Amino acid sequence: MNEKKLKLVIISILCVFSVFVYYKGNDKKTIEKEVVEIANKDYRQVFYLDKDGTLIPISIAIEKETSIEAQVKTMIEKMSSEAEANKTGMHAILPTNLKVLSFVVQDGKGYVNFSSELATYPKEKELKVLEAIVWTVTQYKEVKEVEIQMEGEKLTHMPVDNLPITKSLSRNLGINNFEHNKLPLHETKGVTFYYVKEVSGQTLYVPKTVRVSSDLASVKEVMDVILDNISVSSSLEQNENYKGLMVLGNTDLIDGKLVINLNEKALSGDLQISKELYDSLVLSIQCIEGVETVSIMVEDQIVNVSGFSEEEIQVSNVVYNVVAS
């Protein structure tokens, strides 16, 4: 082969390789943030890190027929795969090649046994790793608490930076806990609210937990914390239009049913409640323990937005941040 032909072959190979890299690099999945009720299809959440180090929940379709153990193994595998995370424009939160050796549920407690790779994450990510594991496993109504094991041994501290695991882990741990919080993690109550954030060019709903006194008991008090923190902007600063947003009257949780009555600050300029505010409220309320259904009112009038077919919302059917098929 003469020199001219050799150059042509090399150029052709480089062109093919460049096209491959381009399409591979642009194999990014679309994520639909819209909050909807879906009763007939099973979705579960995996968690990835965005560029700011925030845990972002992403909903993926899961076969209903598979066991909880198989589903947990699949989700942990996806959360430890940088390639899977990159498809969403984010990064894996769990160490590469991490495996779930076993997962057993007994009396409301999930026992998750990890391989030794669990001890290989960067120490600055330790709390985020713990949050991601707990929130992944406790998606199931059968699992109220979690015990973490590594190679069959129960962990009393996280394996890298020795964050203590002093009590049974539950969703009270929270997610994306404020780092400047001064209240001890295990001696406080977590209140989680949702806000809107731009993540890798897409707008998604993101949970954030604030720590409050364990004495905070009533649903009304929890709702006050949520409304103080909730945002419909792309930052944590509350949108100016919703300052003064508050719950009217008593807020009682009866037989799993919660009715929230808000003041007129919930309405935008066209006297309608915005979908982003409505969705953020629904997602935040679903995190309140014991809530099965919720109805949202403004000045004693039931409000409803697209995505929800009924005035009373079954929170277990709420889906958001769905990876488009």
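How many of the six residues of strand E14, residues 293–298, are buried? Let me start there, with the reminder that what we have on the screen is a predicted model. E14 is mostly covered, and six of its six residues are buried. If you look at the strand side by side, Thr293, Ser295 and Met297 lie on one face, while Val294, Ile296 and Val298 lie on the other, and both of these faces are covered. That split fits a general pattern, since in a regular strand the side chains alternate between the two faces of the sheet.

Now to the neighbours of this strand. Strand E13, residues 257–262, runs parallel to E14 and is joined to it by six bridges, and within that pairing Val259 has Ser295 as its bridge partner. Strand E16, which covers residues 313–314, pairs with E14 in the antiparallel sense over two bridges, with Gln314 as the bridge partner of Thr293. Strand E15, residues 301–302, is also antiparallel to E14 and is joined to it by two bridges, and here Val298 stands opposite Gln301. E14 and E15 form a hairpin with two residues between the strands, and in that hairpin Glu299 takes a positive phi near 50°.

Let me turn from the strands to the interior. The largest nonpolar core has 90 residues, and those with the most contacts inside it are Ile58, Phe114, Leu118, Ile148, Met223, Leu262 and Ile288. The element that gives the most to this core is helix H4, residues 126–137, with seven residues. Taking Met223 as one example, and leaving aside residues up to four places away in sequence, we find that Met223 touches Val247, Ile260, Ile285 and Ile288. In general terms, nonpolar side chains in soluble globular proteins tend to be buried together.

Helix H4 deserves a closer look, because its twelve residues should span 16 Å at 1.5 Å a residue, and the 17 Å between its end C-alpha atoms agrees with that. H4 is mostly covered, with eleven of its twelve residues buried, and the buried set is not confined to nonpolar side chains, since Glu126, Lys128 and Glu131 are among the buried residues, alongside others including Leu130, Ile133 and Trp135.

That brings me to charged pairs, and I would ask which residue forms a salt bridge with Lys197. The partner is Asp52, with the closest N and O atoms 3.1 Å apart. Lys197 lies in strand E10, residues 188–199, and Asp52 in the loop between strands E3 and E4, so the pair ties together parts that are 145 residues apart in sequence. The two ends differ in their surroundings, because Lys197, at 9% relative accessibility, counts as buried, whereas Asp52 is partly exposed at 49%. This pair also belongs to a network of salt bridges that links Asp50, Lys51, Asp52 and Lys197.

The structure holds twelve salt bridges, and I will mention two others. Glu84 forms one with Lys78, the closest N and O atoms being 3.8 Å apart; Glu84 is partly exposed, with a relative accessible area of 22%, and Lys78 is partly exposed too, at 24%. Glu147 forms another with Lys154, where the closest N and O atoms are 4.0 Å apart. In that case Glu147 is buried, at 12%, while Lys154 is exposed, at 53%.

How values were computed
Residues are numbered from 1 along each chain as its sequence is written. This is a predicted model: local features need pLDDT of at least 70, side-chain atom pairs count only at pLDDT 80 or more; totals for chains, interfaces and linings use all residues. Side-chain values use heavy atoms; hydrogens and water are left out. A nonpolar core is a set of buried Ala, Val, Leu, Ile, Met, Phe, Trp, Tyr and Cys residues joined through side-chain atoms within 4.5 Å. Buried means under 20% relative accessible area, exposed over 50%, partly exposed in between (1.4 Å probe, protein chains only). Helices (H or I, at least four residues) and strands (E, at least two) are DSSP runs, numbered from the N terminus. Contact means heavy atoms within 4.5 Å. The expected span of a helix is 1.5 Å times one less than its number of residues. A salt bridge is a side-chain nitrogen of Lys or Arg within 4 Å of a carboxyl oxygen of Asp or Glu. Two strands pair if DSSP finds at least two bridges between them.
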